[in-house]
Amino acid sequence: MDANKNNDKEQIEIPDVLPVLPARDIVVFPYMILPLFVGRDVSVKAIDHSLNTNRMILLLSQRDMTIESPTPNDLYSTGTVCMIMRMLKLPDGRVKVLVQGLSKAKILKIAQQEPFFMAEIEKIPEEKPVEMTIENEALVRNVKEQMDKAVSLGKTILPDVIVVIENIDDPGRLADLIASNLGLKTDQAQEILELQDPIERLKKVGEVLAREVQLLTIQQKIQTEARGEIDKTQREYFLREQLKAIQRELGDIDERAEEIREFKKKIEEAKMPEKVMKEAEKQLRRIEKMHPDSAEAGTIRTYLEWLTELPWSKGTKDQLDIKLAEKVLNDDHYDLEKVKERILEYLSVRKLKEKMKGPILCFIGPPGVGKTSLGRSIARSLSREFVRMSLGGVRDEAEIRGHRRTYVGALPGRIIQGIKQAGTNNPVIMLDEIDKIGKDFRGDPSSALLEVLDPEQNNSFMDHYLAVPFDLSNVMFITTGNLSDTIPSPLRDRMEILYLSGYTEEEKLEIARKYLIPKQLDEHGITTKILNISESAVRQIISHYTREAGVRNLEREIANLCRKVAREVAEGKNEKFKITSNNAHKYLGVPKYLPEEEMKKNEIGVATGLAWTEAGGDVIYVEATVMKGKGNLTLTGQLGDVMKESAQAALSYVKSQARELNISEDAFFNADLHIHVPAGAIPKDGPSAGITMASAIASVFTGMPVRKDVAMTGEVTLRGRVLPIGGLKEKVLAAKRMRIKTVIIPHRNKKDLEDLPKYVKEGMHFVFAETMDNVLKESLLNNRKRKEDFEKRNNGHKGKEAHSGIKKGKSETSSNRRIKPSKRSKKKV
């Protein structure tokens, strides 16, 4: 800037004719000093001429910088007269000159075009400094502040230029200096150069500067957001590199080479099958050639870790002491003889033949009967690792087979994960809730399980993630479920199903005495010296506080007792607590369930049936009554379709046997029949109430009462044949609880009595019925003398009323009995 001041003082005389130097991409302002590289012959000759004369030259900007040989029309008419201060010839033939802007000038005429441009010019005098009004001073200050803001936002300006800008107050000089340092496009800079009024020029610069500040602000925001995303990655990268550098300085071994050696060692130690080893070595060669921080290297590294950590050849040795295994099973579980026998049979065969396929067992039974804990006991008796996984609600096939490695976050399926978790290739894997597997657009997990649970195929199970076969034939699979009906038939065909029925009251008593009470006393820090739960109290809890097939709620109620006693002990009561049936309600509250009331007398039209529920067996009463009508049949009590059809079949049978039963044929057409099965709030379905309904219908039309001490179950056909039923054990137990000694069952169920425990059959009389004749002979009081005795005891007039039924439309039934249905589960009869 000192040169600028000297130029002002010397008032250099500018000639009227000057050589012209076309500039491609720059506009030179007065007082601006900058280097130029000149390569075109025309421009070099113009510089030589200027240096040989007065060292002055006119710089004009090209309208289009791509034109190699511009004509006068390709140049702007207004430019800047410059002084060539220095010149340097470069080895490549170009010339480097340092020029300083002196004054603006305008071309009047092109005087010469060859060998370079010469032009007659008119000097554009610089206007004298304007008076600094408040507005002008505010404009100058605003432009300076915008310049400072642009610099703070990252605009690159030399520090010396910033100092000069701060010290200039002349609007024209300030505008030229800022414009020359903003890096504007040629057309924008030319527009500012051609403005004569300093204030207008400064305003234009202010507008350009404001837009530049706005662009810089947005640019900084974008950079800040982008920097936030990559800062963490960069920081981790720099830290890793620094760590590597430190390790090298300390003489530590190379991390990458050590990782490769470690993988090689793991592959050798894993003792993989040949095919798997080839795949592992192939992936290891790939990772050696990759950058360690690449995404694919991380994927391969994870894959190799899975391959090397799986127990390809590592297995536990089976404990083949049959007596010891039997003791373990008996210690952990009461009863369940069939299941225990099956496990001991497997151990016996395994002892005789070392290499054999593992059995695939399926435990089907209601909740709480010990299916899962039984699997754990089996693993303990075999000295194997135990892995449990729940399949309830699983809908994705990849949960079983795994994801392919092309997906982000891919993992093997749950089977391979369980094998890795166990650490051996022959664990006991329990697949819980197999009857609750879902299915949707992502695949069918039950189909994927077909390979897993097939002993003929699972020796080469292919997981999508591993993409190499894994031998599952040594694994002992145990599945559990509540119902076998919902398991797909192809899957059910591959499993050996063992049914676990509900526990009887006697069995629950033994389980509570041997397992539940000692367990809960230990968990609550109580000893038998403090708390004694009597047998009568346990029976009270079983019958009045729980209604289930298993023992979960029984354990909860025992735990409730222990908590109540533990609190009293903690409060300082040092006495022995004895719980009996008389004081159990003080700790557990009022009974939650009341047993079904026994029939107090033999009644016409009321037959006692037996039903199976999820909580065990139960007794149901089928009530029938006739009234004047047109032969319509009404069914109530939330009966299912199958049960309704059984009622229709039973009625048709009784109609067909009207003559043998001494029933008038007109009775069916002149009366309506209503059959009701309490309790009405509980859904009921199933075919085995057929003989019960037939007995009630026959009773109401013949007027013969049904024996109150007889319970029955069985399906009836139109020909009167009695068909077999299921759930015999639960149904017999329900009759025994109601103190019913005689039970009528289908003749073809006779073989099932062998499976019943002795204490269940003790004191019971079973009648095996092949036809309805056998049922009616045993259930109806068809002896005339017994019938007269019955009518005398029950006021014979009511008996006749019930028999005729048509006159008053009533019969004596037990429909007024009070039943609490809200706590009972659905009955299957």
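**Exercise 1. Find which strand pairs with S7 over four bridges, and in which sense.**

Solution. Strand S7 pairs with strand S13 (residues 496-499) in the parallel sense, over four bridges. Two strands pair if DSSP finds at least two bridges between them. Strands here are DSSP runs of E with at least two residues, and helices are runs of H or I with at least four, numbered from the N terminus. For one bridge, look at Cys362: its partner in S13 is Ile497.

A word on the model: it is predicted, so local features need pLDDT of at least 70 and side-chain atom pairs pLDDT 80 or more, while totals for chains, interfaces and linings use all residues. Residues are numbered from 1 along each chain as its sequence is written, and side-chain values use heavy atoms, leaving out hydrogens and water.

**Exercise 2. Work out how S7 pairs with S12, and how covered S7 is.**

Solution. Start with the pairing: S7 and S12 (residues 476-481) run parallel over five bridges. Leu361 stands opposite Ile478 of S12. Next, check burial (buried: under 20% relative accessible area; exposed: over 50%; partly exposed in between; 1.4 Å probe, protein chains only). Five of the five residues of S7 (360-364) are buried. Finally, take each face: Ile360, Cys362 and Ile364 lie on one side, Leu361 and Phe363 on the other, and both faces are covered.

**Exercise 3. Is Asp318 buried or exposed?**

Solution. First locate Asp318: it sits in the loop between helix H10 (295-309) and helix H11 (322-332). Then read its accessibility: Asp318 counts as buried because its relative accessibility is 8%.
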